Each structure stands twice: as C-alpha cells, then as structure tokens.
Amino acid sequence: MNTELFVENCYTLTPKDLLLGLGTRADINFWAEDPDDKSDWCISVSGNEPQKIALEWRDITYGARAYFRCMCDYRATKLYLPLNGHEFKCRRCHGLQYQLTTYNRHSVAGKVLYRLNRLQKLSDSRASMGRILYNGNYTKKFERFLSLCDRAGYDSIVKGAMDLKDLIKG
Ligand SMILES: [Zn+2]
C-alpha cells in the first residue's frame, strides 16, 4: 500500500489559505504576483522553483467565492501536496485515494479508523469555529457540531454542553 497517495497524508491547500495568508508548514511559501489582484499566485515548496497557481472567482449569493483551476482544467476547492512532493494538484491528478475507503468499514480496524477519523474531523471543526456562545445561546455552528457529536456517539461532549447551557441560563 503506497501511503504517500492517501489524501489523509497530503498537505491540503485551500483558496482561503492563500487569501488569508494561512500556513502550517515553514517550507511552503506563497505570494500573490500582483498584490492588488490576488488571482495569480506563486507557491514554492522547500525553496524549489515556484509553481504558478490561479484562483478563479465565482459569484455566489453573497459575494464571490474562490476556486483553484487545476492544470487538468478541473475547478477544485482543494489542492494537494503529497509527502515529499513539490507540486500542488487536484486529487485526481495526483491519483489520491482516501485511506478510509481502503478499509472494510465493518472490520475491526475499519470501525476504529472511521471513529478516529470522525473524531479528528470534529476536533478540526471545533478548532476553527471561533466563538460558541452568543447572547447566552450556542451559535448555529456549535449546535451543528453538537449534533454531529451526538450522531458520532460522543455523549459526554453533548451532555457537557447541555449542562453548561443550563448553568448559563441559571
Ligand atoms: Zn487536476
């Protein structure tokens, strides 16, 4: 099994990362070619020749949303950099697959993996959520997080949140 080709083991880049200047790896540097435009980007991995990446803007109900235009012409919301890779491409171009789908989800290992993956996603979403209270009530995002915890079987988180709300309400 070539674990370099699992989505889970790749560095994931979103348009937001570029636009907000977010980055978690010191060896990945990016900059807009024209600081006033922010459509054409250069991104360099470990000091290699920079790769040019274009953002494409699509109008949605409130404003515009940015997508990547991959070299294969696919409009992607995420580009991936495999372990030891130097080039960002879409999932299909890199031939990536989800590690989860290689396990039978009814096997013992599969069940554990699914549960851990779910927990990881929940903790990622919690980490990026920001405030959880507004006017003494939980925000919509946090309510949604709680319902996902509930479905995933994390009763203690759900119960803790309900107890806290009771305390706040007095
Ligand atoms: Zn592609």
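Strands β4 (residues 51-59) and β5 (residues 64-69) pair in the antiparallel sense, over five bridges. Strands here are DSSP runs (E, at least two residues), and helices are DSSP runs of H or I with at least four residues; both are numbered from the N terminus. Two strands count as paired if DSSP finds at least two bridges between them. The model is a predicted one: local features need pLDDT of at least 70, side-chain atom pairs count only at pLDDT 80 or more, and totals for chains, interfaces and linings use all residues. Residues are numbered from 1 along each chain as its sequence is written.

Within the β4-β5 pair, glutamate 56 has tyrosine 67 of β5 as its bridge partner. The two strands form a hairpin with four residues between them. In that turn, glycine 63 has a positive phi of about 85°. Strand β5 also pairs with strand β6 (residues 75-76), antiparallel, through two bridges. Here arginine 69 stands opposite arginine 75 of β6. β5 and β6 form a hairpin as well, with five residues between them. Aspartate 73, in the turn, has a positive phi of about 85°.

The largest nonpolar core holds 14 residues. Such a core is a set of buried Ala, Val, Leu, Ile, Met, Phe, Trp, Tyr and Cys residues joined through C-beta atoms within 7 Å. A residue is buried if 20 or more other C-beta atoms lie within 10 Å of its own, exposed if 12 or fewer, and partly exposed in between, with C-beta atoms placed from the backbone. Ile53, Leu79, Tyr80, Leu81 and Phe88 touch the most other members of the core. β3 (40-45) and β7 (79-81) each supply at least two of its residues. Isoleucine 53 touches Trp41, Ile43, Phe68 and Phe88, leaving aside residues up to four places away in sequence. Contact means that C-beta atoms, placed from the backbone, lie within 7 Å.

Across the protein chain there are five helices and nine strands. The radius of gyration (over C-alpha atoms) is 20 Å. The globule rule, 2.2 Å times the number of residues to the power 0.38, gives 15 Å for 170 residues, so the chain is more spread out than a compact globule. Its C-alpha atoms fill a box of roughly 60 × 45 × 30 Å along the principal axes. Buried residues make up 12% of the 170.

The chain is divided into domain 1 (3-99) and domain 2 (119-169), with bounds from an automatic or database domain assignment. The domain centres, taken over C-alpha atoms, are 30 Å apart.

Note on methods
Contact = placed C-beta atoms within 7 Å.
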